[in-house]
Amino acid sequence: MAYGETQAMTKYEPVIGLEVHVELNTKSKMFCRCSADYFGKEPNTHTCPVCLGLPGALPYTNQQAIDDCIKIGLALNCKISEKSLFERKNYFYPDLPKGYQISQYRWPLTVNGWIEVEGREEIRRIRINRAHQEEDTGKLTHHGGSTLIDFNRSGVPLVEIVTEPDFESVEEIRDYSKKLQQLFRYLGVSNADMERGDMRLEANVSVKREGESELPKYRVELKNINSFRFMVAAVDYEIKRQIEALEIGERLSQETRGWDEDKKCTYLQRSKEEAHDYRYFPEPDLPPFFLDPKKIKEIKNSLPELPWNRAKRYQTKLGIKKNDAQHGRKHKIIPQEIANYLINKKSDINTLLPTQIIEEILDKRVGVIENEEELEKMAKEAMTENPTAVDDFVKGKQQAIQVLIGAVMRRTQGKADAKRAREILEKLLK
Amino acid sequence: MKLTKDQVKHVAKLANLPVTEEEEEKYSEQLSKILDYIDQLNQVDTSDVEPTFNVSGQTNVQSEDKLGVCLPQDDALSNAPKKENGFFVTKGVFDNE
């Protein structure tokens with residue numbers, strides 16, 4: 001590792017683990033059937049006795065959320081636990097009406113997976129400790145001397161993905177985070193919008209002397225950072241700060257720090273003295289889960305092609321350069337193709353990912369109909385079907401040909417090259 | 001088993017309960033007695049018994065992901081000692097979210 005090379009003699013290497021929280025886009029909440037669609041809604045209009053933590057209310061597990069968590073686990077090569085339990089994570093804070101969060105601790109749904117990430121030079125495996133199911137908390141707004149609470153978000157399904165401390169550089173963190181975001185969207189389990197808080201990152205950072213096998217005795221938790229860019233900046237800063245502290249013989253301690261974007265530095269949020277003691281114990285109100293291997297297999301078979309596998313396929317089958325396949329750039333897709341795609345699908349540009357568009361366009365290209373005769377046959381059919389358009393075109397209304405091209409594209413389910421279809425139609429209409 | 005006053009303080013802090021010095025003494029005694037009782041229970045040989053966390057005997061209880069009825073805002077807030085514009089209001093917590 002290059003860190004600390006400019007400093008004195010000792011070289012250091014960072015030890016970094018990541019925790020990702022992702023809110024699922026289920027219709028209802030994790031343990032009650034209140035709407036989970038809380039964003040921008042009137043405060044405290046999506047609540048019931050369960051998610052308000054009223055005495056006597058009993059939780060009821062959302063099946064879709066469990067399936068979604070299993071999907072995420074499977075995509076990350078995790079083992080699906082035969083037996084899984086929820087536990088109570090106890091702490092006192094106003095965002096938590098019950099006094100505890102229903103989470104998982106000793107019996108998570110999925111464990112021991114891995115994912116490949118790309119860092120500075122090589123591709124490396126990051127071990128996934130677990131992907132477990134839990135519930136979100138209420139939203140707090142600090143206002144003058146008081147705190148306002150909205151429980152619409154309380155109980156929204158949340159999946160937490162925890163890695164082992166395997167990251168060696170910020171590049172790997174960036175790649176990992178982006179891969180997960182893409183995965184959630186591919187699986188359709190979350191919109192994974194960082195700014196809205198659908199996806200949240202936390203990093204545990206410490207540094208050790210190069211080559212030392214033992215993990216450091218402390219770790220600094222970086223929290224409440226709502227963009228990839230800030231997280232990368234915060235980790236980068238933290239590595240340098242810790243190396244400098246060790247160099248002058250300072251002892252580092254367990255603490256939570258945030259990122260100050262204006263000052264470009266991390267700052268202390270909570271120190272060890274206030275460290276939490278969660279007193280986990282199994283949630284007595286929720287019976288255990290025994291996961292049926294047949295059902296797991298069904299879920300596994302229902303998974304779409306994963307984004308990284310798709311990128312690999314494009315590289316090998318279509319000869320697209322690695323970078324292009326991964327980032328969806330320079331696909332030699334002409335702007336017209338993208339425009340056609342957006343118009344045909346009536347897509348919402350605000351929610352669609354550029355990579356998604358490019359991939360879908362590429363997907364269609366895979367099956368492009370090259371056969372001239374077949375295209376001609378379909379062009380003729382399109383003409384018989386649309387006599388008015390043919391008439392209009394013959395009378396000089398050039399744009400009438402669009403109707404015919406559209407008809408050809410529909411017949412081929414988009415697998416014709418629109419330009420080629422136009423040429424054939426023009427030839428036939430002469 | 002004797003619970004120290006410091007341990008009582010710690011537990012009280014976790015539950016966000018204000019405890020006077022007098023109470024610390026009293027609770028340390030009371031809680032120690034509870035622990036003694038647990039010690040007594042621990043003498044029973046349970047090596048052949050599966051740990052039980054749920055006595056309903058049910059497993060895999062799940063509900064379909066469909067919307068149910070929520071409380072109207074007024075009802076949701078009806079027990080709140082303090083409210084403002086549809087929000088519950090508490091003393092300021094300056095620790096961030």
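**Exercise 1. The interface**

How many residues does the contact take from chain B and how many from chain A? State also what area is buried and what the salt-bridge count is between chain B and chain A.

Solution. The model is a predicted one.
- Step 1: chain B gives 38 residues to the contact, and chain A gives 53 residues.
- Step 2: about 4,100 Å² is buried between chain B and chain A. Carbon and sulfur atoms give 54% of that area.
- Step 3: between chain B and chain A the count is 0 salt bridges.

**Exercise 2. One residue of chain B**

Describe the place of F87(B) and list the residues that F87(B) touches.

Solution.
- Step 1: F87(B) belongs to strand β3 of chain B, residues 87-91.
- Step 2: leaving aside residues up to four places away in sequence, F87(B) touches P43(A), N44(A), L148(A), I149(A) and D150(A) in chain A, and L77(B) and K82(B) in chain B.
- Step 3: A76(B) is 11 residues from F87(B) along the chain, and their C-alpha atoms are separated by 9.8 Å.

**Exercise 3. Helix α1 against helix α4**

Find how α1(A) packs with α4(A), and which residues make the contact.

Solution.
- Step 1: helix α1 of chain A (residues 63-75) and helix α4 of chain A (residues 293-302) pack at an angle of about 70°, and their axes are 10 Å apart.
- Step 2: angles of 65 to 115 degrees count as roughly perpendicular, so α1(A) is roughly perpendicular to α4(A).
- Step 3: the crossing of α1(A) past α4(A) is right-handed.
- Step 4: α1(A) contributes Q63(A), D67(A), I70(A), K71(A) and L74(A), while α4(A) contributes K295(A), I296(A), I299(A) and K300(A).
- Step 5: sorted by class, the contact of α1(A) with α4(A) has 4 nonpolar, 1 polar and 4 charged residues.

**Exercise 4. Helix α1 against helix α2**

Repeat the analysis for α1(A) and α2(A).

Solution.
- Step 1: helix α2 of chain A covers residues 170-187, and α1(A) packs with α2(A) at an angle of about 130°, with axes 11 Å apart.
- Step 2: α1(A) and α2(A) are therefore oblique to each other.
- Step 3: α1(A) passes α2(A) in a right-handed crossing.
- Step 4: on the α1(A) side are K71(A), I72(A) and A75(A), which meet L183(A), F184(A) and L187(A) in α2(A).
- Step 5: the residues of the contact of α1(A) with α2(A) are 5 nonpolar, no polar and 1 charged.

**Exercise 5. Helix α11 against helix α12**

Work out the packing of α11(A) and α12(A).

Solution.
- Step 1: helix α11 of chain A (residues 401-411) and helix α12 of chain A (residues 418-429) pack at about 120°, with their axes 10 Å apart.
- Step 2: that angle makes α11(A) oblique to α12(A).
- Step 3: α11(A) and α12(A) have a right-handed crossing.
- Step 4: I401(A), Q402(A), L404(A), I405(A), V408(A) and M409(A) of α11(A) make the contact with A418(A), A421(A), R422(A), L425(A), E426(A) and L429(A) of α12(A).
- Step 5: the contact of α11(A) with α12(A) divides into 9 nonpolar, 1 polar and 2 charged residues.

**Exercise 6. A salt bridge**

How many salt bridges are found over all chains, and which parts does the pair R200(A) and E23(A) tie together?

Solution.
- Step 1: over all chains, the whole structure has 34 salt bridges.
- Step 2: in one salt bridge the side chains of R200(A) and E23(A) meet at 3.0 Å, N to O.
- Step 3: R200(A) lies in strand β12 of chain A (residues 199-209) and E23(A) in strand β1 of chain A (residues 12-23), so the pair ties together parts 177 residues apart in sequence.

Technical notes. Residues are numbered from 1 along each chain as its sequence is written. Chains are lettered from A and ligands numbered from 1 in the order in which they are written. This is a predicted model: local features need pLDDT of at least 70, side-chain atom pairs count only at pLDDT 80 or more; totals for chains, interfaces and linings use all residues. Side-chain values use heavy atoms; hydrogens and water are left out. Axes are lines fitted to C-alpha atoms, for helices over the stretch in contact, and angles run from 0 to 180 degrees between N-to-C directions. Helices (H or I, at least four residues) and strands (E, at least two) are DSSP runs, numbered from the N terminus. Angles under 35 degrees count as roughly parallel, over 145 as roughly antiparallel, 65 to 115 as roughly perpendicular and the rest as oblique. A crossing is left-handed if the near helix is turned anticlockwise from the far one by less than a right angle, and right-handed if clockwise. Contact means heavy atoms within 4.5 Å. Ala, Val, Leu, Ile, Met, Phe, Trp, Tyr, Cys and Pro count as nonpolar, Asp, Glu, Lys and Arg as charged, and the others, Gly among them, as polar. Buried area is the accessible area (1.4 Å probe) that two parts lose on being put together, summed over both. A salt bridge is a side-chain nitrogen of Lys or Arg within 4 Å of a carboxyl oxygen of Asp or Glu.
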